[in-house]
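Dear colleague,

I am handing over the structure we spoke about, and below it you will find my notes on what came out of the analysis. Please read them with the model open beside you.

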Amino acid sequence: MAIDILMSNEKVSPARAVAAASAISCAKLSKSFGGLHALRDVTFQIAPGEILGILGPNGAGKTTFINVLSGMLHADSGTVHIYDDDVSAMSMAHRARYGLFRTFQNSRSSEELTGYELLRLASLTPNKTKSSKTYTPDELLEIFGLKRFAGIILSDLPYGIQKMMNLAAVALCRPKVLLLDEPFQGVAEAEIERLSKVIRHFASEGVAVGLVEHNVRSVMRLCNRVIVLDAGAMIFEGRGEDAVRDPVVQTAYLGQRFAGELNG
Ligand SMILES: Nc1ncnc2c1ncn2[C@@H]1O[C@H](COP(=O)(O)OP(=O)(O)OP(=O)(O)O)[C@@H](O)[C@H]1O
């Protein structure tokens with residue numbers, strides 16, 4: 001479908017042409033809270049199978065960006081496409097039907113459900129996307145190495161395992177785009193590599209992953225490309241190792257952990 005749009009003689013808008021080659025794209029996205037510009041004219045895209053790191057100092061606008069992309073907040077201006085569908089006016093639930101899913105910062109499980117019960121529930125979710133492969137809960141527990149935790153109440157599991165179980169549930173919804181808000185926050189070092197493998201699994205199946213993260217080392221290991229936000233604007237796009245050396249990025253992070261964390 002994407003190639004058809006690019007090759008047809010029909011005139012397409014620049015935003016729609018970019019959208020056709022990307023799993024998710026946004027053009028000139030802005031959001032203010034009163035007089036505060038939390039997001040200013042941000043334009044970017046993530047290709048199918050790509051893991052994009054979204055970096056920036058505290059208060060740069062990263063969570064606002066994910067909120068606006070996922071439809072949890074509506075942008076003041078700008079557009080969001082999932083493949084070539086314009087989802088800008090849609091709610092978060094409606095965007096999920098187009099394959100856009102997100103996770104939240106500090107998403108601890110409080111439900112009295114076992115992992116297996118959570119996955120069974122997720123597998124009952126009606127889904128219209130025809131993108132990534134369909135799995136059964138058992139297959140996903142096997143792939144994610146979670147079988148031995150499946151009978152335990154979620155809130156009794158280590159935080160990193162809870163996060164993996166939640167991602168396994170998302171996988172059952174067959175996402176095309178996955179936006180992760182600080183997936184490694186609060187996760188023990190030993191579980192970071194397991195969680196990273198789960199994220200790579202999504203990408204290997206063609207899911208576009210956007211990852212907001214303060215753990216720069218993990219971003220460098222996982223992401224093909226990063227963007228850096230500062231005061232709501234995109235100040236860098238490119239390779240992670242170039243971002244740490246970029247003088248504009250270094251100035252934005254002045255006084256905050258960034259290059260030091262990478263080199264330390
Ligand atoms: N609902 C809101 N109402 C008013 N201001 C807000 C709201 N949400 C965010 N902000 C402000 O918008 C700016 C961007 O916040 P945001 O949480 O998106 O940044 P962030 O990069 O995710 O920060 P952190 O890394 O500290 O989580 C901040 O100045 C914040 O105080």
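Which residues are buried in α7? They are Gly160, Ile161, Gln162, Lys163, Met164, Met165, Asn166, Leu167, Ala168, Ala169, Ala171 and Leu172. Please keep in mind throughout that this is a predicted model.

I begin with that helix. Helix α7 runs over residues 159-172, and its 14 residues reach 20 Å from the first C-alpha to the last, which is close to the 20 Å expected at 1.5 Å a residue. Because 12 of the 14 residues of α7 are buried, the helix is largely enclosed by the rest of the structure. The cover over its buried residues includes α5 (115-123), α6 (137-143) and α8 (189-204). Just after α7, Arg174 takes a positive phi of about 55°.

The helix also leads to the interior of the protein. The largest nonpolar core has 74 residues, and those with the most contacts inside it are Ala168, Val209 and Leu211; to this core α7 gives the most, with 8 residues. Ala168 is itself one of the buried residues of α7. In soluble globular proteins, nonpolar side chains tend to be buried together. If residues up to four places away in sequence are left out, Val209 touches Ile51, Leu52, Leu178, Leu180, Ile199, Phe202 and Ala203.

Two of those contacts of Val209, Leu178 and Leu180, bring us to strand β7. Why is β7 described as largely enclosed by the rest of the structure? The reason is that 5 of the 5 residues of this strand, which covers residues 177-181, are buried. Val177, Leu179 and Asp181 point one way from β7, while Leu178 and Leu180 point the other way, and all are buried. In a regular strand the side chains alternate between the two faces of the sheet. Strand β7 has parallel pairings with β6 (residues 100-102), over 3 bridges, and with β8 (residues 208-212), over 5 bridges. In the pairing with β6, Leu100 stands opposite Val177, whereas in the pairing with β8 it is Asp181 that stands opposite Val212.

A separate set of pairings is antiparallel. Here 4 strands form an open sheet in the order β2-β1-β4-β5. Strands β2 and β5 (85-86) stand at the edges, each with a single partner strand, so one side of each is left without a neighbour in the sheet. Strand β1 (residues 24-33) pairs with β2 over 7 bridges in the antiparallel sense, and in that pairing Leu29 stands opposite Val42. The hairpin of β1 and β2 has 2 residues between the strands, and Gly34 in this hairpin takes a positive phi near 60°. Strand β1 also pairs with β4 (residues 77-82), again in the antiparallel sense, over 5 bridges, with Ile82 in β4 as the bridge partner of Ile24.

The next point concerns the ligand. Which residues are around the ligand? They are Phe33, Leu36, Ala38, Gly56, Asn58, Gly59, Ala60, Gly61, Lys62, Thr63 and Thr64. The elements that give two or more residues to this shell are β2 (36-46) and α3 (62-70), and the largest share, 3 residues, comes from α3. By residue class, the shell divides into 4 nonpolar, 6 polar and 1 charged.

Helix α3, having been named in that shell, deserves a few words of its own. It is mostly covered, as 8 of its 9 residues are buried, namely Lys62, Thr64, Phe65, Ile66, Asn67, Val68, Leu69 and Ser70. Lys62 and Thr64 thus appear both among the residues around the ligand and among the buried residues of α3. The helix is followed by Gly71, whose phi is positive, near 90°.

Finally, some overall figures. The protein has 12 helices and 10 strands, and 42% of its 264 residues count as buried. Among contacts between residues at least 6 apart in sequence, 69% join residues at least 24 apart.

With best regards

Note on methods. Residues are numbered from 1 along each chain as its sequence is written. This is a predicted model: local features need pLDDT of at least 70, side-chain atom pairs count only at pLDDT 80 or more; totals for chains, interfaces and linings use all residues. The expected span of a helix is 1.5 Å times one less than its number of residues. A residue is buried if 20 or more other C-beta atoms lie within 10 Å of its own, exposed if 12 or fewer, and partly exposed in between; C-beta atoms are placed from the backbone. Two residues are in contact if their C-beta atoms, placed from the backbone, lie within 7 Å. A residue is near a molecule or strand if its C-beta atom, placed from the backbone, lies within 6 Å of it. Ala, Val, Leu, Ile, Met, Phe, Trp, Tyr, Cys and Pro count as nonpolar, Asp, Glu, Lys and Arg as charged, and the others, Gly among them, as polar. Two strands pair if DSSP finds at least two bridges between them. A nonpolar core is a set of buried Ala, Val, Leu, Ile, Met, Phe, Trp, Tyr and Cys residues joined through C-beta atoms within 7 Å.
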